[in-house]
Amino acid sequence: MHFMHCDQKVDLKMNIIGPLGTGKTSLLNQYVHKWFRNDYRNTLGAHILSKTIHVDHKSLKLQIWDTGGQERFRSLVSSFYKGSDGCLLVFDVTDMESFACLETWRNDFIDKIQSPVISFPMITLGNKIDLKERQVSEESAISWCKERKMQYFEVSAKDNINVDLAFETLAKKALMHYQECRESCLTDSIKLSPIEDSPSSSCC
């Protein structure tokens, strides 16, 4: 008789969001498929890729939703945020405007997920650090993230710099958040159970 080591399987939904042209699809394909190409068409609606990784004796199936960055699709896209366990917020370091509108993207996401902002796993990525025409300094991005208690990574989808690290850091945070939510749900359900034998009290 042989024993297989038993991994607990957890499904996590993660979103990668941000303005048009920041390289969200490139980052996702680099992470999942290990390839990069320059000729992506703009994502309309949502494109979903999955990857299974192992963290702390758990098998995590990451379902990563890559959502379009067009302003006019914002209401459609935000419907894909529901049930998310973690979020990557992406801007392009060579495009100051993409950095300037991160706040709008972040707020829109937080409004839709209806989860406490402080504990929700969200990481910011400054993509395209392989290009020379940089407009957003690393210091500015770090400062913006610190104010919002978010982690920041400088990444390049093209040169595969920090891509795995960013996704897997978020996956670990998402797993912790998922477990904390499950524990608090269990605790709440115990608290809500009626206590049969308690004497009825009267305030009169």
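**Figure 1. His57 sits in the loop between β2 and β3.** This model is predicted. His57 is not a glycine, yet its phi is positive, at about 60°. Is His57 buried or exposed? His57 is exposed, because its relative accessible area is 69%, and the exposed class begins over 50%.

**Figure 2. The whole chain combines six helices and six strands.** Along the sequence, the elements follow the pattern β-α-β-β-α-β-α-α-β-α-β-α. The protein chain has 204 residues, and buried residues make up 45% of them. Contacts often span long stretches of sequence: among those between residues at least 6 apart, 73% join residues at least 24 apart. The protein chain exposes about 12100 Å². Carbon and sulfur atoms supply 53% of that area.

**Figure 3. Strand β4 is mostly covered.** The strand runs over residues 86–92, and seven of its seven residues are buried. Which residues lie on each face of β4? Gly86, Leu88, Val90 and Asp92 are on one side. Cys87, Leu89 and Phe91 are on the other. Both faces are covered.

**Figure 4. Strand β4 pairs with β1 and with β5.** Strand β1 covers residues 8–17 and is joined to β4 by four bridges. These two strands run parallel. Strand β5, residues 122–127, also pairs with β4 in the parallel sense, here over six bridges. Follow Cys87 in this view. Its bridge partner in β1 is Asn15. In β5, Cys87 stands opposite Met122.

**Figure 5. The largest nonpolar core has 28 residues.** Which residues have the most contacts inside this core? They are Leu27, Tyr31, Leu60, Leu62, Ile64, Leu125 and Phe167. Two or more core residues come from each of β1, α1, β2, β3, β4, β5 and α6. Helix α6, residues 163–192, gives the most, with seven residues. Another core lies apart from this one. That core has 20 residues, among them Cys87, Ile110, Ile113 and Phe120.

**Figure 6. Phe167 touches residues from distant parts of the sequence.** Neighbours within four places in sequence are left aside here. Phe167 is then in contact with Met14, Ile16, Leu27, Leu28, Tyr31, Ile64 and Leu88. Phe167 is also one of the residues with the most contacts inside the largest nonpolar core.

**Figure 7. Helix α1 is mostly covered.** Nine of its 10 residues are buried. They are Lys24, Thr25, Ser26, Leu27, Leu28, Asn29, Gln30, Tyr31 and Val32. Lys34 follows the helix. What is the phi of Lys34? It is positive, near 65°.

**Figure 8. Val10 is a buried residue of strand β1.** Val10 counts as buried because its relative accessibility is 2%, and the buried class lies under 20%. Apart from neighbours within four places in sequence, Val10 is in contact with Lys58, Ser59, Leu60, Lys61, Leu175 and Tyr178. Now compare Val10 with Leu62. They are 52 residues apart along the chain. Their C-alpha atoms are separated by 8.6 Å.

**Figure 9. Thr22 lies in the loop between β1 and α1.** Why does Thr22 count as buried? Its relative accessibility is 0%, so Thr22 falls under the 20% limit for burial. The side chain of Thr22 reaches the backbone oxygen of Pro19 at 2.9 Å. Beyond neighbours within four places in sequence, Thr22 is in contact with Val90, Phe91, Asp92, Ser98, Asn127 and Lys128.

**Figure 10. Two cysteines illustrate partly exposed and buried positions.** How many disulfides does the structure hold? The structure holds zero disulfides. Cys101 counts as partly exposed, because its relative accessibility is 23%. Cys145 is buried, with a relative accessible area of 1%.

**Figure 11. Lys149 occupies the loop between α5 and β6.** Helix α5 covers residues 138–147, and strand β6 covers 151–154. Phi of Lys149 is near 55°, a positive value in a residue other than glycine. Lys149 counts as exposed because its relative accessibility is 74%.

Key
Residues are numbered from 1 along each chain as its sequence is written. This is a predicted model: local features need pLDDT of at least 70, side-chain atom pairs count only at pLDDT 80 or more; totals for chains, interfaces and linings use all residues. Side-chain values use heavy atoms; hydrogens and water are left out. Buried means under 20% relative accessible area, exposed over 50%, partly exposed in between (1.4 Å probe, protein chains only). Two strands pair if DSSP finds at least two bridges between them. A nonpolar core is a set of buried Ala, Val, Leu, Ile, Met, Phe, Trp, Tyr and Cys residues joined through side-chain atoms within 4.5 Å. Contact means heavy atoms within 4.5 Å. Accessible areas come from the Shrake-Rupley method with a 1.4 Å probe; for residues, only the protein chains shown count as cover. A disulfide is a pair of cysteine sulfur atoms within 2.5 Å. A polar contact is a pair of N or O atoms within 3.5 Å; within protein, one must be able to donate a hydrogen and the other to accept it, and residues adjacent in sequence count only if both atoms are side-chain atoms.
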